[in-house]
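Reader: Before I go to the bench, I would like to walk through this fold with you, one question at a time. Could you show me the sequence and the structure to begin with?

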Amino acid sequence: MMPNSKLTTNPIDASELSFDDFKTIVVNDYKIAFESRQASLLGRKEVLTGKAKFGIFGDGKELPQIAMAKAFKNGDWRSGYYRDQTFAFAAGICTIKEFFAQLYANPSVEADPASAGRQMNCHFATRTIKEDGSWKDLTEMKNCSSDIAPTGGQMARLVGLAYASKLYRQNPELEYLKNFSVQGNEVAFGTIGNASTSEGVFFEAINAAGVLQVPMAMSVWDDGYGISVPAKYQTTKEDISEILKGFQRDENAAGYEIFKVRGWDYPALCETYQRAIDICRDEHVPVLIHVTEVTQPQGHSTSGSHERYKDKARLEWEKEFDCIVQMRKWMLESAIITEEEIVELENAAKKMVRETQKEAWNEFLGSIKAEKDQVIELLNGMANGDPAIIKISIQLANTPDAQRREVISSARKALRLTVKDSSTGRHNLLTWYNEQIGLNEDRYNSKLFTDGVDSPFLVNELKPVFNEESKMVDGRELLNACFDANFARDQRLVAFGEDLGAIGDVNQGFAGLQAKYGDLRITDTGIREMTIVGQGIGLAMRGLRPIAEIQYLDYLLFAINILSDDLASLSYRTKAGQKAPVIIRTRGHRLEGVWHSGSPMGMILGSLRGLHICVPRNMTQAAGMYNTLFRSDEPALVIECLNGYRLKEKLPENVGEYTVSLGKAEVVKEGTDITVVSYGSTLRIVEEAAEELAQLGISIEIVDPQTLLPFDTDHICAQSLAKTNKLLVVDEDVPGGGTAFLLQQILEEQKGYYHLDGQPKSLSAKAHRPPYGSDGDYFSKPSVDDVIETIYSMMNESNPGKYPAIF
């Protein structure tokens with residue numbers, strides 16, 4: 001560790017500090033700000049010289065972030081964006097060396113704890129879980145939820161991080177969770193750039209936090225631009241706090257406390273943040289701190305210069321009112337420091353940052369250089385005078401600062417060129433390369449899920465128990481009994497969504513449960529899908545077990561950005577440093593009309609890798625999946641069948657205990673002639689079709705994968721194909737949507753192709769959304785008739801004599 005590479009700031013209490021103590025704090029703050037600025041300047045150079053791919057920095061925001069860090073305490077949370085490097089340094093959640101390691105994409109957790117090189121620079125995170133996936137004591141650390149690059153995307157989770165404090169404060173049943181909260185005293189700090197306040201998720205989150213009255217401290221860094229676009233095109237009145245005045249609380253109504261302060265005024269910033277966060281923490285109300293007159297000395301990023309879009313007057317103003325220039329001036333005028341002392345400090349800071357950068361770069365290259373040397377040695381050992389191999393070796397040796405891709409690519413090219421060679425030298429290179437495959441899989445492709453001690457795959461399977469007295473009930477009643485049993489068992493469970501609380505959801509799965517468990521645990525929300533999901537993410541990151549309900553599957557599109565950008569990538573982008581075991585509950589497939597019949601599974605499968613996608617065929621299976629998910633710690637989407645709530649099912653005796661294992665397909669009907677793979681509502685259609693097909697002399701085997709992610713881990717589909725040699729996949733998505741995924745998994749991943757004696761086929765909905773009405777459903781989604789005739793035509797193709805054409 002380089003000397004002085006980790007400095008943190010301290011609060012200023014003028015009533016208790018001596019001048020010397022005051023001077024020490026102020027000078028230390030200037031040192032942090034100056035070092036951060038040097039890191040920004042040097043970081044940009046490192047990108048422009050080719051050592052890093054891209055750079056985005058927090059220059060110009062140093063002083064407000066130091067002021068914010070003074071109020072940031074153990075147990076608090078941050079949900080910010082990629083301008084917050086000075087806050088990260090001042091709060092102690094990142095060092096300058098770690099900052100440069102991330103800039104270089106060092107794939108080591110030790111070098112870059114935030115992302116192990118998986119995120120570009122200034123994307124901060126603290127590691128809130130241990131290597132085995134269990135939680136750390138979050139009350140003893142300053143917590144930073146993992147940043148994402150989509151501007152505004154951090155707002156949704158911020159609502160949940162703040163809402164958790166409210167639940168911990170107001171629900172005494174949660175007091176036993178000592179590692180997550182101290183009586184709900186934690187503040188959730190949010191940051192955003194002024195231009196990104198134009199995004200819908202910002203306004204949705206601001207409104208949600210105001211309705212919920214949660215301790216959320218929202219800081220807006222206002223530098224007057226969004227990349228090159230000035231505020232006049234971004235914000236009404238060019239002033240976000242001005243247009244949010246309606247949120248200001250008063251004696252008649254709850255709301256926000258709103259503050260406005262200039263970004264270069266160090267004393268005012270410290271005072272404002274202390275006041276704002278004290279109100280937020282003590283009174284549990286949201287606050288907005290609008291930091292104006294902020295500069296951005298290097299422009300938006302390394303991909304362009306701000307001189308292209310700022311006029312001369314603006315550039316001159318930014319030089320004069322640069323926050324570091326203004327703080328330096330104030331310190332000298334206030335006799336806090338002399339010119340000689342400040343020059344010495346600045347020179348030392350420049351030296352320290354440069355040395356720290358070099359150390360981070362050398363460490364990044366160190367392991368790669370060892371691999372480079374190994375490959376060169378192996379290439380020379382196998383060359384045996386071959387000019388092509390010698391050329392590869394020389395080119396690699398002459399590549400200064402070669403990165404891992406050059407090393408691995410050299411090895412692969414040499415192996416291709418010697419494919420017919422069986423020498424010991426080639427064998428040695430191949431052995432080395434095969435070892436690297438596993439190492440690089442871990443470096444760059446691992447931890448899509450946490451895979452820890454609470455993995456759903458470690459939950460023991462327990463079958464549902466029935467007896468002669470087991471009642472036949474509506475599917476909704478079975479779900480209700482499952483939720484009731486689990487809410488009684490686990491105080492961490494909470495559920496929320498549109499119409500979920502008072503009426504128990506539109507299909508009555510939660511009927512009566514709010515009255516039983518209270519409105520802190522089972523809660524109605526406004527119509528705000530992005531922040532419903534974000535509320536779940538934030539609560540889950542703070543140790544609770546939320547069920548976030550999206551009323552219909554079609555409405556998932558309103559939250560797909562949050563689900564995909566944030567939740568689905570959380571474990572991967574932190575290399576299992578953070579987790580958010582939220583369950584997204586929704587319902588879909590067959591009903592009526594364009595916006596209540598959706599089954600956009602291709603979109604979901606393509607965008608939500610990192611969630612378990614559960615597609616139960618009935619409520620018995622759904623309840624078993626919920627029981628599994630409640631006992632594990634990975635995020636999931638559960639899609640209940642919309643037309644199954646009033647179908648009768650047998651109520652298991654152990655309705656809150658039995659489990660359905662994720663990834664385990666089930667053969668729901670055995671057959672000999674053709675394998676039909678389907679899920680959800682269409683599986684019932686296939687089952688109905690099987691009866692008429694049997695009369696036609698066709699025996700179908702029906703496989704229900706039950707979950708699409710993961711898909712059939714025991715390869716039940718391929719085993720079925722080995723028996724039937726024919727395959728039809730059926731779902732309600734558009735052509736080439738979910739069915740394409742099913743075919744890829746069965747034919748390619750499971751090598752089912754080798755068992756086929758005819759063309760595999762898919763049966764899906766039409767390319768448009770289904771029109772309203774029963775006829776609309778019949779003519780746009782797979783019907784019993786469609787299934788029968790499709791299967792019959794496949795049999796006709798293979799044996800037209802036995803199965804003559806129907807049409």
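Author: This is a predicted model, and we can start with a helix and the strands beneath our first question.

Reader: Across which strands does helix α5 lie, and at about what angle does α5 run to β3?

Author: Helix α5, made of residues 154-170, lies across β1 (77-79), β3 and β4. Its direction is given relative to β3, and the angle is about 165°.

Reader: Across which strands does helix α6 lie, and at about what angle does α6 run to β4?

Author: Helix α6 spans residues 200-212 and lies across β3 and β4. Relative to β4, helix α6 runs at about 150°.

Reader: In what order do the 6 strands of the open sheet follow one another, and which strands stand at the edges?

Author: The pairing in this open sheet is parallel, and the order of its 6 strands is β2-β1-β3-β4-β8-β7. Each strand at an edge has a single partner strand, so one side of each is left without a neighbour in the sheet; these strands are β2 (143-144) and β7 (257-262).

Reader: How many bridges join β3 to β4, and which residue in β4 is the bridge partner of Gly 193?

Author: Strand β3 (residues 188-193) and strand β4 (residues 216-221) run parallel and are joined by 6 bridges. For Gly 193, the bridge partner in β4 is Trp 221.

Reader: Why is strand β13 described as largely enclosed by the rest of the structure?

Author: On one side of β13, Ile 583, Arg 585 and Arg 587 are buried, and on the other side Ile 584, Thr 586 and Gly 588 are buried as well, so that both faces are covered. Strand β13 (residues 583-588) is therefore largely enclosed, the count of buried residues being 6 of the 6.

Reader: With which strands does β13 pair, and over how many bridges?

Author: Strand β12 (residues 545-549) runs parallel to β13 and is joined to it by 3 bridges, with Ile 583 as the bridge partner of Ile 547. On β15 (residues 636-641), the bridge partner of Arg 587 is Glu 640. The pairing of β13 with β15 is again in the parallel sense, and it extends over 6 bridges.

Reader: How do helices α22 and α26 cross, and how do the residues of their contact divide into nonpolar, polar and charged?

Author: The axes of α22 (residues 680-695) and α26 (residues 784-798) come within 9 Å and cross at roughly 55°, and the two helices are therefore oblique to each other. In this right-handed crossing, residues of α22 including Ile 685 and Glu 688 meet Val 784, Val 787, Ile 788 and Ile 791 of α26. The residues of the contact divide into 8 nonpolar, no polar and 2 charged.

How values were computed. Residues numbered from 1 in each chain as written. Predicted model: local features only at pLDDT ≥ 70, side-chain atom pairs only at ≥ 80, totals over all residues. Heavy atoms only, no water. Pairing = 2+ DSSP bridges. Helix = DSSP H or I, 4+ residues; strand = E, 2+ residues; numbered from the N terminus. Contact = heavy atoms within 4.5 Å. Axes fitted to C-alpha atoms, helices over the stretch in contact; angles between N-to-C directions. Parallel < 35°, antiparallel > 145°, perpendicular 65-115°, else oblique. Left-handed = near helix turned anticlockwise from the far one by under 90°. Nonpolar A, V, L, I, M, F, W, Y, C, P; charged D, E, K, R; others polar. Buried < 20%, exposed > 50% of the residue type's maximum accessible area, 1.4 Å probe, protein only.
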